[in-house]
Amino acid sequence: MTETNIDVRGETCPVPLVECRKALRKASSGDEIIIVGTHPASKKEIPMACEAMGLEVMDIDENEDKEWKIRIRK
Amino acid sequence: MTEKAVIIVHSGDLDKIYSALIVANGALSMGMEASLFFTFWGLQRLKKDGLDKGPLSKMNFLGLGKWMVKNRMKKANVASLEKLMNDFKELGGKVIACEMTMEIMGIEPEQLQQDWIDEYGAVGTYVMEAREASINLFI
């Protein structure tokens, strides 16, 4: 199992969603993707995309600077 | 079967090319397939170095409005059309170029960014793409 970190802080629509999908395509089953960003809509849209693709969102976190972190397992 | 989004890109306006590529990339990112059918003014944007050469659909003011909007986009850190197109291709998106437009406007394949184009076709190609698609847009 590998872990991939993606940093899309400061990026706006549709980049966080696209970068997440690019990483998921490269990952193998069981791999984890950790994506950090600041774009507010992506915090709910990345989990929506995961659900649509039948992937498990393991954790969603947000700090006081409105920076979110989402952990996904393929 | 995977769900699909098919967009007719009829306009060559900068803002509408953004709309088409953002929706298409969103669809790919959410696990759908996506195809873009470039026709008429939209096809002009597939010319070499032509992707961001279109005017704004409103308030272009001979290019001044476009310049202002591009500046605002840069400040907001909006991705370039080139990045959006490269991402679209990387995620498996399909680009179809309208052959009739090429004929009418006298465009040769060599004038187009051929590495982006998966297929050249006419209305039948579009219909075959669109008949099973759950998202169909005309931009």
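**Close-up views of a predicted two-chain model**

**View 1. N77(B) sits just after helix α3(B) with a positive phi.** In this predicted model, the phi of N77(B) is about 65°. The helix before N77(B), α3(B), covers residues 64-75 of chain B. Helix α3(B) has 12 residues. From first C-alpha to last, α3(B) reaches 17 Å. That is close to the 16 Å expected at 1.5 Å a residue.

**View 2. Parallel strands of chain B form an open sheet.** The sheet holds 5 strands. Their order is β4-β3-β2-β1-β5. Strands β4 (119-121) and β5 (135-138) of chain B lie at the edges, and each pairs on one side only. From one strand to the next, the twist averages 20°.

**View 3. Strands β1(B) and β2(B) pair in the parallel sense.** Strand β1 of chain B spans residues 4-9, and strand β2 of chain B spans residues 33-38. The two strands share 6 bridges. To follow one partnership, start at I8(B): its bridge partner in β2(B) is F37(B). Helix α1(B) packs on the sheet. Helix α1(B) touches β1, β2 and β5 of chain B. The direction of α1(B) makes about 170° with that of β1(B).

**View 4. Helices α1(B) and α4(B) cross at roughly 35°.** Two packed helices are described by the angle between their axes and the distance between the axes. Here helix α1 covers residues 14-29 of chain B, and helix α4 covers residues 81-90 of chain B. Their axes come within 10 Å. The crossing of α1(B) and α4(B) is left-handed. Helix α1(B) brings I17(B), Y18(B), L21(B), I22(B), A24(B), N25(B) and L28(B) to the contact. Helix α4(B) brings L81(B), L84(B), M85(B), D87(B) and F88(B). By class, the contact of α1(B) with α4(B) has 10 nonpolar, 1 polar and 1 charged residues.

**View 5. Chain A meets chain B.** On chain A, 15 residues are in contact with 14 residues of chain B. Two helices of chain A, α1 (15-26) and α2 (40-52), each supply at least two residues of the side that touches chain B. Helix α1(A) gives the most to this side of chain A, with 7 residues. By class, the side of chain A that touches chain B has 9 nonpolar, 2 polar and 4 charged residues.

Key
Residues numbered from 1 in each chain as written. Chains lettered and ligands numbered in written order. Predicted model: local features only at pLDDT ≥ 70, side-chain atom pairs only at ≥ 80, totals over all residues. Contact = placed C-beta atoms within 7 Å. Helix = DSSP H or I, 4+ residues; strand = E, 2+ residues; numbered from the N terminus. Nonpolar A, V, L, I, M, F, W, Y, C, P; charged D, E, K, R; others polar. Axes fitted to C-alpha atoms, helices over the stretch in contact; angles between N-to-C directions. Left-handed = near helix turned anticlockwise from the far one by under 90°. Expected span 1.5 Å × (residues − 1). Pairing = 2+ DSSP bridges.
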